[in-house]
Amino acid sequence: MAEILLAVSGGIAAYKSLDVLRILQRRGHRVRVAMSRNATRFVGPASFAALSGREVGLRLFGGDDQPGYDHLDLAREADLMLVCPASANTVARLATGFGDGLIPLTFLAFTGPVLVAPAMNTRMLENAATIENITRLAARGIEIIPTATGLLADGDTGAGRLADPVDICDAVDRALASRASLAGVRVLVTAGGTREPIDAVRFVGNRSSGRMAWAIADEARRRGAEVTVVVATVDLTRRGDVRYVDAPTAQTMHEAARDAFETTDVLVMAAAVADYRPSAATDGKIDKSQSESLAIPLERTADILSDLASRRRGQVLIGFAAEHGEAGLARAREKRTRKGVDIVVYNDVSVAGIGFESADNAITLIGPGDRETALARMSKVACAVHILDAIVELRASTPAA
Ligand code: CTP
């Protein structure tokens, strides 16, 4: 049972939220309703108040008699926020963070999972602005419940109908179950590309942005895990509820990961670790006037993942295989056994627009018994959901972990 905030925005589908409210209650949830001013033109707040048995949130601030911040209270009390229906206008305000009403302001103040069930005319749904807004929300980990196709309010037929209330409530229950799926589990993620010094200002590096690892850390937090991220070089915003350990080189990353590994339950080795480093970094800056050419001797770095796999005591291990071109999948399969990990996340870095430096990826998960799940191209945030689902499934099937 959870405390759900049902945010109803303006649209003819607002009346279907009464059904959503009843189904959620029948499933044991407590529901508090907040309505936008436009929503009240379609359904009276008294209907929601009667069914929920609670006062409906309608204003931003408390009244003169009892001043307060209603949006902050609503956000604080809920375990999950469901925006249903979400009009094109509300979707736009959520996507841009423009807090000019109770729903967008509450959304800004809310830190738990948010589900958005849009409902609007097909042409509005298919407008480039709406597509961009929905994509932006989904990329931030907000679940968009797809609209249904059928007869619309103005007599048109097409996509844009509010999803079936039962399907919406199923999505809420799935989100709540997944939220608790890693409660208290210690997850260690390595992120970004290492930089191996050539001299005081130059290094051998790679193109990893750390976005995939960041998305995994976000998703693990969302599911209740205690997350530590060992960071090589990543230029992304850090969260307040994740522990970060900076480790810019392969060697410092190895030491940091080894220290944290003993007290971890799951390791996701997403960092792009250099396989070679300059044998000796020059003090100061190499002076180019000294020579027309320069050869830098390189030496192998230790394979962190293989080393940790040899020390494992029940931890679940996830490795990555960024392979180039044909036969990559076979190499990734082989890497899983050779490195002794449970799941290898394979992607083909020769495909344009995915992998390094991009927001999207197209991954194949290779699990125990070489079980393979090939996923279509999607945002790294969505990939992270699949990777964490696979981890949860694996932990459930290996109780010793
Ligand atoms: N990895 C590691 N330590 C290294 C290099 C890689 O722990 N010195 C990890 C990566 O973080 C990744 C996995 O190993 O999870 C595969 O990395 P990749 O670069 O694809 O493979 P290589 O180790 O270079 O593969 P190979 O052994 O086939 O050269």
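Which residues in α1 meet which residues in α8? The tour of this predicted model opens at that contact.

**Stop 1: α1 against α8**

Select helix α1, residues 16-26, together with α8, residues 165-179. On the α1 side, the residues to display are K16, D19, V20, I23 and L24; they meet P165, V166, I168, C169 and V172 in α8. By class, this contact comprises eight nonpolar residues, no polar residues and two charged ones. The two helices pack at an angle of about 45°, and their axes are 9 Å apart. Angles from 35 to 65 degrees fall outside the roughly parallel and roughly perpendicular ranges, and α1 and α8 are therefore oblique to each other. Their crossing is right-handed.

**Stop 2: α1 against α2**

Keep α1 selected and add helix α2, residues 45-52. Here the axes come within 10 Å and cross at roughly 10°. Because angles under 35 degrees count as roughly parallel, α1 and α2 are described as roughly parallel to each other. From α1, show S17, L18, L21, R22 and Q25; from α2, show S47, F48, L51 and S52, which complete the contact. Colouring by class gives four nonpolar, four polar and one charged residues in the contact of α1 with α2.

**Stop 3: α4 against α5**

Next, select helix α4, residues 88-96, and α5, residues 102-109. These helices pack at an angle of about 30°, with 9 Å between their axes, and the crossing is right-handed. T90, R93 and L94 in α4 meet I103, P104 and F107 in α5. Four of the contact residues are nonpolar, one is polar and one is charged.

**Stop 4: two backbone features**

Most residues other than glycine have a negative phi, and most peptide bonds are trans. Two places in the model merit inspection in that light. Centre the view on the peptide bond from C84 to P85, which is cis, with omega near -5°; P85 is placed in strand β3, residues 80-86. Then move to D370, a residue other than glycine whose phi is positive, near 55°. D370 lies in the loop between β19 (363-367) and β20 (371-374).

**Stop 5: the largest pocket**

Display the pocket surfaces and turn to the largest pocket, which holds about 1500 Å³ of space. Its lining numbers 45 residues, and those closest to the centre are R140, G141, I142, R222 and V381. Elements giving two or more residues to this lining include α5, α8 and α9 (211-222), as well as β4 (114-118) and α13 (380-397). Helix α9 supplies the largest share, seven residues. Selecting the lining by class yields 20 nonpolar, 10 polar and 15 charged residues.

**Stop 6: the second largest pocket**

Which residues lie nearest the centre of the second largest pocket? They are A271, A272, V273, F320 and A322, out of 42 lining residues. The space in this pocket amounts to about 1000 Å³. Two or more lining residues come from each of α9, α11 (304-310), β16 (316-323), α12 (328-339) and β17 (343-348). Strand β16 makes the largest contribution, five residues. By class, the lining of the second largest pocket has 20 nonpolar, 12 polar and 10 charged residues. To end the tour, select α9, which gives two or more residues to the lining of the largest pocket and also to that of the second largest.

Key: Residues are numbered from 1 along each chain as its sequence is written. This is a predicted model: local features need pLDDT of at least 70, side-chain atom pairs count only at pLDDT 80 or more; totals for chains, interfaces and linings use all residues. Side-chain values use heavy atoms; hydrogens and water are left out. On a 1 Å grid over the protein atoms alone, a cavity is a set of points where a 1.4 Å probe fits but cannot get out, and a pocket is an open set with protein on both sides within 12 Å along at least five of seven lines; lining residues have an atom within 4 Å of a point. Grid points are joined across faces, edges and corners, and a volume is the space filled by probe spheres set on the points. Helices (H or I, at least four residues) and strands (E, at least two) are DSSP runs, numbered from the N terminus. Ala, Val, Leu, Ile, Met, Phe, Trp, Tyr, Cys and Pro count as nonpolar, Asp, Glu, Lys and Arg as charged, and the others, Gly among them, as polar. Axes are lines fitted to C-alpha atoms, for helices over the stretch in contact, and angles run from 0 to 180 degrees between N-to-C directions. Angles under 35 degrees count as roughly parallel, over 145 as roughly antiparallel, 65 to 115 as roughly perpendicular and the rest as oblique. A crossing is left-handed if the near helix is turned anticlockwise from the far one by less than a right angle, and right-handed if clockwise. Contact means heavy atoms within 4.5 Å.
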